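Subject: Structure handover

Hello,

Here is the structure for you to look at. My notes come after it.

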Amino acid sequence: MSDAIVVLCPGQGAQAVGMGRAWADASDAARAIFEQADAVLGDELGAPLSALCFDGPPETLNRTDVSQPAIYVASVASWHGWGDHPPLAATAGLSLGEYTALHLAGAFSFEDGLRLVTLRGRAMQDAAEAAPGGMLALIGADEAAAQRVCDEARQGAVLVCANFNAPGQVVLSGDAEAISRAQERASADGLRTAPLPVAGAFHSPLMEPAADRLAEALATTPVRAPGCPVSSNVTARPHEADPDSIRRRLAEQLTNPVRWADGCANLRAEPSLADAAWHELAPGKSLAGMMRRIDRAVRIATHDQPEG
């Protein structure tokens, strides 16, 4: 058994009031991450980030412009609170979590990552308010079935496959009217549906204004080659070592589908990772649940709370 580990980093939707508090209480290193985030952001979110994570209120924490930096900080805090851990063999993060994964691999500093995800969340919130849209999970659909629903319900509007999270779980994204038609079409096809409680049509062409703003910020952010493979949501393959390629992929991620299932399967198939242990950082345990549908043989240790 190798001592190396694969670390998975959660994305938006994993937030919950109280996240990270136990880590901050248990670990000076984790508490220092929250203190650093508070110092960097000040009252930019309307209150200190640590207070929003620990105490909410949920309607504020669930906002896209708040939840993204909050999840990033809680994940990094749990990593540092974990203490002495084995070396990283690879990292991966779901959507927002890709920034956490890149930071852990040394591609950019904690502060630069925090500033990027804060801008990303605000830009996505603004784009969502400018072009009302939504997201719809299709349960029991493969890519072909999901694409068929899109093609039949689009009717000239924006409607695309946005997330391939696990076998049988595809998320659509697009204009509000198209999402409504897609729900009817999918139900007629015998698929179960679940509208997602998100602000807008993420990972769709409606996020182009946010992608443009993010690209401008990335252009001036120092980026280095990762110290270990980091799975790209866009390609489902490890990022290239070229910093400009990483910048492009992060901007593209906002308007392209997240190929999470393929990315995890590709990491699982990598011979050098055959004996690696898999771990999921805080908050939550959603990625472990997805992995049970991607590859039941993988056991994931979760770090939502400190051990003991």
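The notes below cover the nonpolar cores and the aromatic pairs.

This is a predicted model, in which local features need pLDDT of at least 70 and side-chain atom pairs count only at pLDDT 80 or more, while totals for chains, interfaces and linings use all residues. Residues are numbered from 1 along each chain as its sequence is written, and side-chain values use heavy atoms, with hydrogens and water left out.

The largest nonpolar core (buried Ala, Val, Leu, Ile, Met, Phe, Trp, Tyr and Cys joined through side-chain atoms within 4.5 Å) has 65 residues. Buried means under 20% relative accessible area, exposed over 50% and partly exposed in between, with a 1.4 Å probe and protein chains only. Phe 34, Leu 49, Val 73, Phe 110, Leu 114 and Met 207 touch the most other members. Helix α5 (residues 64–81) gives the most to this core, nine residues; helices here are DSSP runs of H or I, at least four residues, numbered from the N terminus. A second, separate core has 23 residues, including Leu 8 and Cys 264.

There are four aromatic pairs (ring centres of Phe, Tyr or Trp, the last by its six-membered ring, within 6.5 Å; planes under 30 degrees apart are stacked, over 60 edge-to-face, the rest tilted). Tyr 72 and Phe 110 are stacked, because their ring centres are 5.5 Å apart and their planes at 10°. Tyr 72 is in helix α5 and Phe 110 in helix α7, so the pair ties together parts 38 residues apart in sequence. Tyr 72 is buried at 0% relative accessibility, and Phe 110 is buried at 7%.

Regards

Key
Helices (H or I, at least four residues) and strands (E, at least two) are DSSP runs, numbered from the N terminus.
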